[in-house]
Amino acid sequence: MERGEGMNEEQLQAIEARANAATPGPWRLDTARIYALTATGAREVAVVTKADPIVRANAAHNGDFIAHSREDVRFLLDRLKAAESRIRELERIAEDALGMLDAVADARKDSENVTAAIAMESVARHLRQRLTTLHSNEV
């Protein structure tokens, strides 16, 4: 995936499926071995190789990354779902606000206060532009 591109729903579902299919955690690193801690004991899920000199220099960091990935991916997926839910909620609020502004602007047009109607139309137009930007930059 190119930098700056968003993930589509299919990609997110694939990540979640892989996370759900992996051995349940938590996972822990012990030297070069990664274990899943289960109700029946520790189960080895991966071994960090130290054969390559570059890998050997980073073995502890690589093992730590892998050991935490089980919980980190789940945490990030949950945070993403919460953020997407909040975005949908804010979009609904913005759409409701636009509707109210339109109603106020229409009511003002019927009265003699044309300046207020123009101001309301300007605010509604601005909110519509922001909402359009929100929709075009979906996560």
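This report covers the sheet, the salt bridges and one buried arginine of a predicted model.

## Sheet

Three strands make up an open sheet, arranged in the order β1-β2-β3 with antiparallel pairing. β1 (27–30) and β3 (41–47) are the edge strands; each has a single partner strand, so one side of each lacks a neighbour in the sheet. On average, and with direction ignored, neighbouring strands of this sheet are turned by 35° against each other. Strands of a sheet pair through backbone hydrogen bonds, in either a parallel or an antiparallel arrangement.

Strand β2 covers residues 33–38 and pairs with β3 in the antiparallel sense over six bridges. Two residues form the hairpin connection from β2 to β3. Among the bridge partners, threonine 38 is matched with glycine 41 in β3, and isoleucine 34 is matched with alanine 46 in β3.

## Salt bridges between helices α1 and α2

The structure contains six salt bridges. One of them joins the side chains of glutamate 16 and arginine 74, with an N to O distance of 3.3 Å. Glutamate 16 belongs to helix α1 (residues 9–21) and arginine 74 to helix α2 (residues 53–110), so this pair links distant parts of the chain, 58 residues apart. Arginine 74 has a relative accessible area of 23% and is partly exposed, because buried would require a value under 20%.

Glutamate 16 also forms a salt bridge with lysine 81, where the closest N and O atoms are 2.6 Å apart. Here too the partners lie in helix α1 and helix α2, so the contact ties together parts that are 65 residues apart in sequence. Lysine 81 is partly exposed, at a relative accessible area of 41%. Glu16, Arg74 and Lys81 belong to a network of salt bridges that also includes Asp78.

## A salt bridge within helix α2

Arginine 86 and glutamate 89 are joined by a side-chain salt bridge with an N to O distance of 3.1 Å. Both residues are in helix α2, three residues apart, which is about one turn of the helix.

Arginine 86 has a relative accessible area of 42% and is partly exposed. Glutamate 89 is also classed as partly exposed, with a relative accessibility of 33%. Neither residue counts as exposed, because that class begins over 50%.

## Arginine 70

Arginine 70 is located in helix α2. This residue is buried but has no salt bridge. The nearest side chain of opposite charge is that of glutamate 71, at 8.1 Å. A salt bridge needs a side-chain nitrogen of Lys or Arg within 4 Å of a carboxyl oxygen of Asp or Glu, so the 8.1 Å separation does not qualify.

The polar partners given for the arginine 70 side chain are backbone oxygens. One is the backbone oxygen of alanine 19, reached at 2.8 Å. Another is the backbone oxygen of threonine 23, which lies 2.8 Å from a polar atom of the arginine 70 side chain.

With neighbours within four places in sequence left aside, arginine 70 is in contact with Ala19, Ala22, Thr23, Pro24, Gly25 and Trp27. Ala19 and Thr23 in this list are the residues whose backbone oxygens the side chain of arginine 70 approaches at 2.8 Å.

How values were computed: Residues numbered from 1 in each chain as written. Predicted model: local features only at pLDDT ≥ 70, side-chain atom pairs only at ≥ 80, totals over all residues. Heavy atoms only, no water. Pairing = 2+ DSSP bridges. Helix = DSSP H or I, 4+ residues; strand = E, 2+ residues; numbered from the N terminus. Axes fitted to C-alpha atoms, helices over the stretch in contact; angles between N-to-C directions. Buried < 20%, exposed > 50% of the residue type's maximum accessible area, 1.4 Å probe, protein only. Lys, Arg positive; Asp, Glu negative; His and termini not counted. Polar contact = N/O pair within 3.5 Å; in protein donor to acceptor, adjacent residues only side chain to side chain. Contact = heavy atoms within 4.5 Å.
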